[in-house]
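Got the viewer open and a selection box ready? Let's take a walk through this one, stop by stop.

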Amino acid sequence: MKTPFRKILIANRGEIAVRVIRACRELGITSVAVFSEADREALHVLMADEAYLLGPPPAAESYLAIEKIIRTAKASGAEAVHPGYGFLAENAGFAEACLQAGLVFIGPPPQAIRTMGDKTAARRAALAMKVPTVPGTSEPVGSDAEAARVAREIGYPVMLKAAMGGGGKGMRLVRAEGELAGALRMARSEAGSAFGDSAVYLEKYLEEPRHIEVQVLADSHGTTIHLGERECSIQRRHQKLVEECPSPLVDDAMRKRMGEAACRLVASVGYVNAGTVEFLVDRQKIFYFLEMNTRLQVEHPVTELVTGRDLVKEQIRIAAGEKLGYGQSDVKWTGWAIECRIYAEDPYRNFMPSPGAVIGLRTPAGPWVRDDSGIYEGVTVPIYYDSLISKLIVWGPDRAGAIARMARALAEYKVVGVRTTIPVHQHIIVHPDFVAGRLSTHFLDAVMGVERPEAEGRHRTVALIAAALAGYARAGKTTLPLASSRPSAWKFSARSGWSRPR
Ligand code: ADP
C-alpha cells in the first residue's frame with residue numbers, strides 16, 4: 001500500500017494528538033509529537049514515534065508558537081502537519097506558514113479558513129448561496145444607534161457575537177433596548193482582548209434551539225459530500241458536552257436538505273478537506289446557518305461509528321491530493337452513536353476545572369465502546385490547557401441500544417484524583433427528556449438543578465472508610481482480615497457499574 005506521507009507532525013496535544021497518531025500508525029506514517037514542559041509525560045508524547053520539546057507550558061510559548069512548530073517540523077523531516085482542533089487549527093496564518101515552509105497543512109486552504117473564520121464573512125457566503133442564516137447582521141455593527149435600529153428590526157432578544165469569536169466565548173444576550181449600549185461596550189472589549197479584533201455583530205436570539213451540524217468532506221478534485229448530521233444540543237457555557245449521530249430530530253428529507261445546503265456553501269468558498277457546517281434549528285424544524293468550523297471536530301467519532309469512515313485518514317488522504325473515491329450515494333448511516341465528553345471539571349461547582357494527578361483510572365471497554373483518551377493512570381492533568389481528558393463513544397443498533405450501552409460504559413468509568421463530568425453524564429443519559437429525544441441548548445440547566453450523586457456517593461464512601469478504620473482501631477487490629485465470608489466486591493461490581501453494595 002502506498003502511504004500518503006512518510007512523516008506527519010501533530011501540532012497538538014491530548015486526546016486529539018493521540019487520535020491522529022493512531023491514524024498515522026495504521027497508515028504506516030511516522031508520527032511526530034510536540035510538547036510543552038508541562039506535557040513531558042503526556043500520553044501523546046509516549047505514543048508518538050518521535051517527540052520534540054517546544055518550550056514552557058503557556059500555549060503562547062509552545063502549542064501556539066508557529067515558528068517553533070514549523071522549525072521542528074522541518075528539522076524532523078515531516079512532510080505534513082496535522083493541527084488537530086483548537087490551538088492553531090483555524091489559524092490561516094499558520095496554514096500559510098506551513099505552505100511557505102514546504103509543508104502540507106492537513107486542513108483547508110488558508111483562504112477558506114480566513115473566510116469562514118470571520119463569522120460575518122461566513123454569513124455573507126451563506127446568504128450568497130441561499131443558505132438560510134440566523135436573522136441578523138452580516139457586517140460588524142457600527143455605531144450604537146445603528147445597532148439599536150437593527151436590533152429593533154430583528155426584534156429582541158438579540159445576541160451580540162464577536163465576529164472572530166469561538167469556543168463559546170464573546171457572546172452576550174440582550175433582552176431589551178435599555179441593555180444594548182452597555183452590552184455593546186462589554187462585548188467589544190471582550191472580543192478585542194480574547195480575539196484581537198473588537199468587531200461584533202448582531203443575531204436574533206433563538207429561544208431553546210437545537211444545535212445540529214453537518215460533517216462535510218471535500219477533495220481537491222471537485223467532489224464535495226456530507227456524512228450527515230450530529231446533534232450537539234447538550235452544552236454547558238455554549239460548549240458541547242454530549243453529541244450523537246444521527247439527530248433524533250432529523251429525518252431523511254431534512255438530512256438531505258441540510259446536507260445539500262452545507263455542501264453548497266463549502267464548495268462556494270473553495271473548501272477542501274473535512275469541515276463542519278453548524279446550524280441552529282427552531283421548534284418548527286427550520287434550520288439556520290450558525291457558523292463553520294474549518295477543522296476536525298471534537299465530536300467526529302460519532303460520525304465515524306455510524307458511517308464507518310475514518311475521518312482522520314480521510315483528512316490525510318485528501319491533503320495528499322488523493323481522490324475521495326466515493327460519492328454521496330455511497331454514504332450509508334447504520335445504527336446510532338453517542339459521545340460523552342469527559343472533562344476534568346467539577347460539574348457541581350459550575351464546571352470548574354479540576355487539574356491534578358490521576359491516581360486511579362479504569363476505562364470502560366466491551367462491545368462497541370470506544371474511549372478516545374489523552375490520559376493514563378499516574379499522569380498529571382495540567383492546568384494550562386483545555387480540560388478535556390477523554391471522550392467516551394458508544395455505538396448501538398438504535399438510539400435506545402446506544403443509550404443503554406452508554407449508561408453501562410459510564411458506570412464502568414472510574415477516574416480518581418481529579419473531578420470529572422462522568423456523574424453528570426450519568427444523569428443526562430437516563431433523563432426522560434434525553435431518552436425521548438426532547439433536546440435543546442437549555443437541556444443542561446434542567447438537569448443540573450436536581451441531584452448531586454457524586455457528592456453523595458463520596459460522603460457515603462468517606463463515612464464507610466472512617467467507620468471501618470474506627471472499627472479496626474477499636475478491635476486493636478493492624479492488618480486487614482485475609483478472608484471474609486461476605487461475597488466479593490467483584491461480584492457486586494459487575495451488577496451496578498462497579499459501585500459497592502449498599
Ligand atoms: P462559538 O463559535 O463560540 O462556538 P457559535 O456561534 O458556534 O459560537 O455558538 C455556540 C452556541 O451558542 C450555540 O450552539 C448555541 O447554543 C448558542 N448560540 C449561538 N448563537 C445563538 C443564537 N442566535 N440564538 C440562540 N443561541 C445561540
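Start by selecting Ala-262, which sits in helix H9. Bear in mind that you are looking at a predicted model. Is Ala-262 buried or exposed? With a relative accessible area of 0%, Ala-262 is buried. Show its surroundings and, leaving out residues up to four places away in sequence, you'll find it touching Val-214, Val-216, Val-277 and Phe-279. Now add Ile-225: the C-alpha atoms of Ala-262 and Ile-225 are 9.0 Å apart, with their positions 37 residues apart in sequence.

**The eight-stranded sheet**

Next, bring up the strands in the order S13-S12-S9-S10-S11-S14-S21-S19. Together these eight make an open sheet with antiparallel pairing. Strand S13 (287-293) and strand S19 (369-373) are the edge strands, each pairing on one side only. Sight along the sheet for the turn between neighbouring strands, which averages 25 degrees, direction ignored.

Zoom in on strand S10 (residues 224-236) and strand S11 (residues 239-245), an antiparallel pair held over four bridges. Pick Gln-235 and look across to S11, where Lys-240 is its bridge partner. Then switch on helix H12 (residues 399-412): this helix lies across S11, strand S14 (336-343), S19 and strand S21 (388-396). Against S21, H12 runs at about 140 degrees.

While you're at S11, follow the chain out of the strand. The peptide bond from Cys-245 to Pro-246 is cis, with omega near 0 degrees, and Pro-246 belongs to the loop between S11 and H9.

**The ligand**

Now select the ligand and the residues around it. How many residues surround the ligand? There are 21, and the closest are Lys-119, Gly-168, His-211, Gln-235 and Glu-291. You've already met Gln-235, as the bridge partner of Lys-240.

Three polar contacts are worth drawing as dashes:

- Lys-161: an N or O atom of its side chain is 2.8 Å from a nitrogen atom of the ligand.
- Gly-167: one of its backbone N or O atoms lies 3.2 Å from an oxygen atom of the ligand.
- Leu-206: a polar backbone atom is 2.9 Å from a nitrogen atom of the ligand.

Taken on its own, the ligand has 560 Å² of accessible area, and the protein covers 95% of it. Colour S6, S8, strand S12 (273-281) and S13 to see the elements that give two or more residues to the shell.

**Helix H6**

From Lys-119, step into helix H6 (residues 119-128). Seven of its ten residues are buried, so call the helix mostly covered. The buried set is Lys-119, Thr-120, Ala-121, Ala-122, Arg-123, Ala-125 and Ala-126. What covers them includes helix H5 (110-117), strand S6 (158-162), strand S8 (200-204), helix H9 (252-268) and S13. Just past H6, check Lys-130, whose phi is positive, near 55 degrees.

Another cis bond can be found at Tyr-156 and Pro-157, with omega about -5 degrees. Pro-157 is in the loop between helix H7 (144-154) and S6.

**The five-stranded sheet**

Head over to the open sheet with the order S3-S2-S1-S4-S5, where the pairing is parallel. Strand S3 (50-55) and strand S5 (104-105) stand at the edges; each has a single partner strand, so one side of each has no neighbour in the sheet. Select strand S1 (residues 7-10) and strand S4 (residues 80-82) to see a parallel pair with three bridges. There, Ile-8 has Ala-80 in S4 as its bridge partner. Helix H1 (residues 14-27) packs on this sheet, touching S1, strand S2 (30-36) and S4, and its direction makes about 175 degrees with that of S1.

Leave S4 towards helix H4 (92-100) and stop at Phe-87, in the loop between them. Phe-87 is not a glycine, yet its phi is positive, about 40 degrees. At 29% relative accessibility, it counts as partly exposed.

**Last stop: Asp-346 and Phe-351**

Finish at Asp-346 in strand S15 (residues 345-346). Asp-346 is buried, at 5% relative accessibility. A polar atom of its side chain lies 2.9 Å from the backbone nitrogen of Tyr-348. Beyond four places in sequence, Asp-346 touches Phe-351, Met-352, Ser-354 and Arg-419.

Of those, click Phe-351, in the loop between S15 and strand S16 (352-353). Its phi is positive too, near 55 degrees, and Phe-351 is buried, with a relative accessible area of 5%.

How values were computed: Residues numbered from 1 in each chain as written. Predicted model: local features only at pLDDT ≥ 70, side-chain atom pairs only at ≥ 80, totals over all residues. Heavy atoms only, no water. Buried < 20%, exposed > 50% of the residue type's maximum accessible area, 1.4 Å probe, protein only. Polar contact = N/O pair within 3.5 Å; in protein donor to acceptor, adjacent residues only side chain to side chain. Contact = heavy atoms within 4.5 Å. Pairing = 2+ DSSP bridges. Axes fitted to C-alpha atoms, helices over the stretch in contact; angles between N-to-C directions. Near = heavy atom within 4 Å. Areas by Shrake-Rupley, 256 points an atom, 1.4 Å probe, with all protein chains shown as cover.
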